[in-house]
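Let's walk through this fold together, one piece at a time. Keep the sequence and the 3D view side by side as you read.

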Amino acid sequence: MNKIIAANWKMHKTAEEAERTINKMKELLGGKAPAGREIIIFAPFTALEASSKCADGFASIGAQNLYPASHGAFTGEISPSMIKACGANFVLTGHSERRHILHENEKEVGIKTAFALENGLNVMLCIGETLEERESGLLSNVLERQLILGTNFNHGLLDNARFMIAYEPVWAIGTGKSATSQDIAETHKICRSLIGKCLGEKADSIPLLYGGSVKPANAGSILLLDNVDGVLVGGSSLEAEQFCPIINA
Ligand code: PGA
C-alpha cells in the first residue's frame, strides 16, 4: 500500500495562495508524487476549485467539512455535491478542532461520515483522545466509541468509496509536541484491532494515518512504524519547502 501523506490546511490560504503552494510542490517533486506515496490536500472551501484544477492528478483534493443534506435552508453550509462540483473527492470528518472548538458531537460526526460516503465522497475520519482522557486510562474506550459511531454506516459503501482513519491525539495537534514512537505504535495497534472489530472483513483495506505535530524531522521514523499507513499534517503542510521533505521521508 502506498503511504498516504495528507495536508490539512485548516483556515489558511486563499485560492491564489493554494495554487502557488501546489505549484511549488510540483516543482520540488518533479510534477508527480514520488513512488510509494499518495498525496491528499484538505483545502478550505474557497480554495477547493483552484486547488483541484492546479493539482490535476498530482494530488487528491478534499474539503475539511460538509453538511449532511443535499440542499436546503442551511445558511452557511456546504453539501457533498457542492464539494464534488469543485473537483474535490475527499472530505475530513471528526477533526479534533471541529469536535472541540466547534462542539461537533460523536453522533454528528457519524452522520456526516455516512452522508459523505453515501454521496460519493471519500472520507478521512479523525479520532483521538484528550490528555485528560489518556491520563485517566480512558484511551481505548474513547477511541472505541469514536470508531463505533464514526463507522455507523452501511459497510457495503466501502466497495465504492475510500475510507481512512487518522489517529490524532488532541494533545499533539498544533502543540509541537508529537506523540513518541512508542505512544504511536501502541495506540495504532489498539486502533487497528478496534477497526477490525468495527469493520470486519473490510478493515484490512482501511489505511490508518497518524497526525499531530508531524514535521520533516520526525516523519520518516513515524512512517516506519507498524500499522502507520501515512500521516496527516497541519502546520508543516503549509509551505511546500516543509511539506515536500515529509512526502519524501
Ligand atoms: P499539526 O495538525 O500537524 O499542526 O499538529 C495536525 C492536524 O490537525 O491534522
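I5 stands opposite I39 in β2. The strand that holds I39 is joined to β1 by six bridges, and β1 and β2 run parallel. Two strands count as paired if DSSP finds at least two bridges between them. Helices (H or I, at least four residues) and strands (E, at least two) are DSSP runs, numbered from the N terminus. Before going on, please note that this is a predicted model, in which local features need pLDDT of at least 70, side-chain atom pairs count only at pLDDT 80 or more, and totals for chains, interfaces and linings use all residues. Residues are numbered from 1 along each chain as its sequence is written, and side-chain values use heavy atoms, with hydrogens and water left out.

Now stay with β2 for a moment. Is this strand enclosed or open? Six of the six residues of β2 (residues 37–42) are buried, so the strand is largely enclosed by the rest of the structure. Buried means under 20% relative accessible area, exposed means over 50%, and partly exposed lies in between (1.4 Å probe, protein chains only). In a regular strand the side chains alternate between the two faces of the sheet. In β2, R37, I39 and I41 point one way while E38, I40 and F42 point the other way, and all are buried.

Next, follow β1 to its other partner. Strand β1 (residues 3–8) is also joined to strand β8 (residues 230–233), by four bridges, and these two run parallel. Here A7 has V233 in β8 as its bridge partner. The full picture is a barrel: eight strands close up in the order β1-β2-β3-β4-β5-β6-β7-β8, with parallel pairing. From one strand to the next, the twist averages 25 degrees.

Let's move round to β5. Four bridges pair β4 with β5 in the parallel sense, and L92 has M124 in β5 as its bridge partner. On to β6: five bridges join it to β5, again running parallel, and the bridge partner of V123 is F163 in β6. Six of the six residues of β5 are buried, so this strand is largely enclosed by the rest of the structure. Both of its faces are covered, with N122, M124 and C126 buried on one side and V123, L125 and I127 buried on the other.

What packs on the sheet here? Helix α5 (residues 106–118) does, touching β4 (90–93), β5 (122–127) and β6 (163–167). The direction of α5 makes about 165 degrees with that of β5. Axes are lines fitted to C-alpha atoms, for helices over the stretch in contact, and angles run from 0 to 180 degrees between N-to-C directions. Contact means heavy atoms within 4.5 Å. Helix α8 (residues 181–199) packs on the sheet too, touching β5, β6 and β7 (208–211), and its direction makes about 140 degrees with that of β7.

Helix α8 also meets another helix. Two packed helices are described by the angle between their axes and the distance between the axes. For α7 and α8, the angle is about 40 degrees and the axes are 10 Å apart. From α7, L139, S140, L143, E144, L147 and I148 meet T187, I190, C191, L194, I195, K197 and C198 in α8.

Just before α7 comes a loop worth a look. S136 is found in the loop between α6 (131–135) and α7 (139–150). S136 counts as partly exposed because its relative accessibility is 48%.

Back at the start of the chain, look at the loop between β1 and α1 (15–29), where K10 is placed. Most residues other than glycine have a negative phi, and most peptide bonds are trans. K10 has a positive phi of about 50 degrees although it is not a glycine. K13, which is also in the loop between β1 and α1, has a positive phi of about 85 degrees and is not a glycine either. K13 is buried, with a relative accessible area of 16%.

Finally, find A219 in helix α9 (residues 216–223). A219 is buried, with a relative accessible area of 0%. Leaving aside neighbours within four places in sequence, A219 is in contact with V214, I246 and A249. A219 and V231 are twelve residues apart in sequence and 7.7 Å apart in space, C-alpha to C-alpha.
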